[in-house]
Amino acid sequence: MLAIFLLITSDSVLSDSKTDQPEPRHILGWVESIRLEPWGLKMLARIDTGANTSSMSARDIHQFKKGNKDWVRFILDFGTEKGKPTRTVEIERPLLRSHKIKQHSGISQERLIIAMDVCLANEIRKVEFNLIDRRALNYPILLGRKALAGVALVDSSRTHLSKADCGHIKKKKKKNDQSDELAIPE
């Protein structure tokens, strides 16, 4: 009888110590397809639980004022699939802040932070990205722990376990439409 009482009370103590975060609903691989919203731009992202923050590849970064707010304009280069040509997109977003990011080498670097809506595992989430040139790396987007918290677990031995549709319908490209550059204002 005492053993049953101890078992019941220990279970209730354990359940009280759980966090209020929702249980993860998805299992992701270490590489997944995402879409930048609301434009539906599909690209590959590296899922990295070792990184706290998320990063987006950006070159030609320029800060400017729009009204009385700080904004940033940059070029994002990305490939949609292996073997297909790289696309180039100009993006303008409000600047949230700048932040010092500590690199693996131990050196801190000041980076600009923006927010973007991202479709991952058929759900749209607002993700904060620091801007850094990632063209020398395999993936233009790195999603860190903050973007994944309460949403997903990561199976580091697998890739492409989810879809990034979020209601998008694949458009057929016209033969005359060869444009590689797309301007995306806020």
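Me: In this predicted model, where is Ala121 found?
Reply: The model is predicted, so this position is a computed one. Ala121 is buried because its relative accessibility is 9%, under the 20% cut-off. As for its place in the chain, Ala121 is found in the loop between E9 and E10.

Me: What is the phi of Ala121, a residue that is not a glycine?
Reply: Most residues other than glycine have a negative phi. Ala121 is not a glycine, yet its phi is positive, at about 55 degrees.

Me: Which loop holds His160, and is His160 buried or partly exposed?
Reply: His160 also has a positive phi, near 50 degrees, in a residue other than glycine. The loop that holds His160 runs between strand E12 (152–155) and strand E13 (181–184). The relative accessible area of His160 is 44%, which lies between the 20% and 50% cut-offs, so His160 is partly exposed.

Me: Which residues does a cis peptide bond join?
Reply: Most peptide bonds are trans. Here one bond has an omega of about 5 degrees and is cis. The second residue of this pair lies in the loop between E2 and strand E3 (41–47). The cis bond joins Glu37 and Pro38.

Me: Which strands each supply at least two residues of the lining of the largest cavity?
Reply: The structure holds one cavity of 30 Å³ or more, and about 30 Å³ of space lies in the largest cavity. Its lining consists of Val118, Leu120, Arg125, Val127, Leu143 and Ala147. The strands that each supply at least two of the lining residues are E9 (108–120) and E10 (123–132).

Me: How many nonpolar, polar and charged residues does the lining of the largest cavity have?
Reply: The residues to sort are Val118, Leu120, Arg125, Val127, Leu143 and Ala147. Val, Leu and Ala count as nonpolar and Arg as charged, so the lining comes to five nonpolar, no polar and one charged residues.

Me: Which side chain of opposite charge is nearest to Arg111?
Reply: Arg111 has its place in strand E9 and is buried. A polar contact of 2.9 Å joins the side chain of Arg111 to that of Gln109. A salt bridge requires a nitrogen within 4 Å of a carboxyl oxygen, so Arg111 has none, as 9.5 Å separates it from the nearest side chain of opposite charge, that of Glu110.

Me: How far apart in space are Ser98 and Glu110, C-alpha to C-alpha?
Reply: Ser98 lies in strand E8 (residues 97–102) and is partly exposed, with a relative accessible area of 38%. Along the sequence, Ser98 and Glu110 are 12 residues apart. In space, their C-alpha atoms are separated by 6.5 Å.

Me: What distance separates the C-alpha atoms of Ser33 and Arg46?
Reply: Ser33 is found in strand E2 (residues 31–37). A relative accessible area of 13% is under 20%, so Ser33 is buried. Ser33 and Arg46 are 13 residues apart along the chain, and their C-alpha atoms are separated by 8.9 Å.

Me: Which residue forms a salt bridge with Arg73?
Reply: In this salt bridge the closest N and O atoms are 2.8 Å apart. The pair links distant parts of the chain, with Arg73 in strand E6 (residues 69–79) and its partner in strand E7 (residues 86–94), 19 residues apart. Arg73 is partly exposed at 27% relative accessibility, whereas the partner counts as buried at 13%. That partner is Glu92.

Me: How far apart are the closest N and O atoms in the salt bridge of Lys65 with Asp70?
Reply: Lys65 is exposed because its relative accessible area, 54%, is over 50%. Asp70 is partly exposed, with 35%. The closest N and O atoms of this salt bridge are 2.9 Å apart.

Me: Which residue meets Lys126 in a salt bridge?
Reply: Lys126 counts as exposed at 57% relative accessibility. Its partner is partly exposed, with a relative accessible area of 27%. The N to O distance is 3.2 Å, and the partner is Asp117.

Me: Which residues do salt bridges that share partners join into one network?
Reply: The count of salt bridges comes to 10. Those that share partners form one network, made of Arg59, Asp60 and Asp77.

Conventions:
Residues numbered from 1 in each chain as written. Predicted model: local features only at pLDDT ≥ 70, side-chain atom pairs only at ≥ 80, totals over all residues. Heavy atoms only, no water. 1 Å grid on protein atoms, 1.4 Å probe; cavity = no way out; pocket = protein on both sides within 12 Å on 5 of 7 lines; lining within 4 Å. Points joined across faces, edges and corners; volume = space filled by probe spheres on them. Helix = DSSP H or I, 4+ residues; strand = E, 2+ residues; numbered from the N terminus. Buried < 20%, exposed > 50% of the residue type's maximum accessible area, 1.4 Å probe, protein only. Lys, Arg positive; Asp, Glu negative; His and termini not counted. Polar contact = N/O pair within 3.5 Å; in protein donor to acceptor, adjacent residues only side chain to side chain.
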